[in-house]
Amino acid sequence: LKKWISSLKLVSLCPLFSLRQLAKTLAMGQGLAVLICGTAITSQYLATHFQVNTPMLQSFLNYSLMCVTYSTMLLCRTGDGNILQILKHRWWKYLLLGLVDVEANYTVVKAYQYTSLTSVQLLDCFVIPVLLVLSWWILKTHYRPVHYVAVCICLLGVGAMVGADLLAGRDQGSTSNILLGDGLVLLSASLYAVSNVCQEYTVKNLSRVEFLGMVGLFGTIISIIQMVILEYTEVAAIQWNWQVGLLFAAYALCMYALYSCMPIVMKQSSATSVNLSLLTADLFSLFCGIFLFQYSFSGLYLISLVVILIGFITFNAVPTPTHQTEPATSSTCKTGCDENPEVKTQEVVVRITNEEEEEDKEEQGVDRETKDGQEEEWRRRMKRASGSSLSLRGGNDNEDIVGRSTKL
């Protein structure tokens with residue numbers, strides 16, 4: 001009865017826990033979207049008011065903060081978590097990952113010089129299907145039909161947002177080379193998908209500090225080299241003042257907070273879930289632009305926000321189990337011992353009964369040996385007695401005595 005009552009309590013609390021977890025994931029995802037909105041606003045202020053277009057310099061500030069913080073933490077560790085041991089075993093993997101992450105940030109900013117804002121917003125959603133494929137292939141994530149429906153709902157919300165931009169006349173950006181710009185957006189989306197899948201794998205299997213420290217280290221090196229090669233003249237032409245410095249600092253802090261918090265959200269949900277929540281970042285930027293840049297408002301913006309949130313909640317309402325390719329021995333023992341106590345008890349009982357049976361057999365064998373020895377000893381004594389009687393009496397009487405003794 002106690003077990004039944006406790007099971008009913010657990011069943012009644014499960015929806016509460018899942019609802020709380022869903023609300024927490026939604027809030028954290030929208031917090032990341034707000035941080036991306038901060039990076040977009042500061043970049044737009046630098047471009048429109050101060051004619052500063054230096055994406056590599058801005059990325060360098062972010063990676064340098066990550067390097068100073070998390071790479072130093074790895075340097076202070078001991079054992080396999082030390083930065084020297086990590087570089088010894090996995091340096092080339094993090095070098096490729098840092099290169100992918102840097103180029104993903106650079107290509108999407110570069111695409112605005114060749115194509116329109118509408119094309120960037122639409123084609124940037126290409127990261128979602130690429131993430132689905134990579135998560136299924138690399139992370140062995142099992143998606144259900146409801147997850148694909150949720151992704152389609154989110155993409156419909158993005159379509160409503162683009163429609164609102166067209167109606168409001170916000171189809172901004174250059175159209176000097178649309179084919180090149182669209183290709184850069186697709187390349188950026190693919191690189192972001194690869195980076196996010198690698199980030200999810202590293203965070204869930206190794207550690208968050210290791211990912212951020214190594215990406216910060218190699219990202220700093222790569223961004224310095226690329227900035228010197230591609231943005232030397234733009235950086236030299238910057239007219240520095242306190243406003244430009246404040247905007248650069250705001251951008252770096254927003255990006256640093258985004259990179260620091262994204263692994264936490266990704267560890268609780270998935271890379272696909274995080275990117276679905278980031279679809280609302282453009283909407284937050286538009287809402288801020290209504291007050292800062294005098295954008296015209298459209299009711300489709302609110303509709304698209306609601307549709308994207310509905311799709312995000314639908315996606316996270318159903319869990320996406322992952323198949324562990326390399327199960328740990330300790331985890332298997334823990335789950336097996338905790339979830340199946342009856343099997344464990346039965347095995348012990350069987351072992352005990354087997355040992356008892358073996359002990360009984362040994363005792364029975366000892367008893368039989370003692371009984372056989374006693375019988376042989378008794379027969380020897382009877383033979384001695386019969387031999388002595390033969391010397392005293394005749395043969396017929398002795399046969400009677402031996403016959404009686406044998407019967408006895």
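**Helix contacts in a predicted model**

Modeller: Lys204 counts as partly exposed, at 37% relative accessibility (buried is under 20%, exposed over 50%, partly exposed in between, with a 1.4 Å probe and protein chains only). The model is predicted, so local features need pLDDT of at least 70 and side-chain atom pairs pLDDT 80 or more, while totals for chains, interfaces and linings use all residues. Residues are numbered from 1 along each chain as its sequence is written, and side-chain values use heavy atoms, without hydrogens and water.

Biologist: With which residue does Lys204 form a salt bridge?

Modeller: A salt bridge is a side-chain nitrogen of Lys or Arg within 4 Å of a carboxyl oxygen of Asp or Glu. Lys204 lies in helix H7 (residues 178-205), and its partner, in that helix too, is 4 residues away, about one turn (helices are DSSP runs of H or I, at least four residues, numbered from the N terminus). The partner is buried, at 3% relative accessibility. With the closest N and O atoms 2.9 Å apart, the partner is Glu200.

Biologist: How many residues apart are Arg90 and Glu210?

Modeller: Arg90 and Glu210 form a salt bridge, their closest N and O atoms being 2.7 Å apart. The pair links distant parts of the chain, helix H3 (residues 83-111) and helix H8 (residues 208-230). Arg90 is partly exposed, at 24% relative accessibility, whereas Glu210 is buried, at 5%. The separation in sequence is 120 residues.

Biologist: Which type of aromatic pair do Tyr63 and Tyr259 form?

Modeller: Rings of Phe, Tyr and Trp (its six-membered ring) pair if their centres lie within 6.5 Å; planes under 30 degrees apart count as stacked, over 60 as edge-to-face and the rest as tilted. The structure holds 5 such pairs. For Tyr63 and Tyr259 the centres are 6.1 Å apart and the planes at 75°, so the pair is edge-to-face.

Biologist: Which helices does the pair of Tyr63 and Tyr259 tie together?

Modeller: Both Tyr63 and Tyr259 are buried. The two parts are 196 residues apart in sequence. Tyr63 lies in residues 55-76 and Tyr259 further along, so the helices are H2 and H10.

Biologist: Is Phe248 buried or exposed?

Modeller: The rings of Phe248 and Trp240 have centres 5.3 Å apart and planes at 35°, so the pair is tilted. Trp240 is exposed, with a relative accessible area of 52%. Phe248 has a relative accessible area of 4%, so this residue is buried.

Biologist: At which residue does H10 have a kink?

Modeller: H10 covers residues 242-268, and its end C-alpha atoms are 39 Å apart. The kink is about 25° and comes shortly before the proline Pro263 (the bend is the angle between axes fitted to the seven residues ending at a residue and the seven starting there). The residue is Cys261.

Definitions and conventions
Expected span 1.5 Å × (residues − 1).
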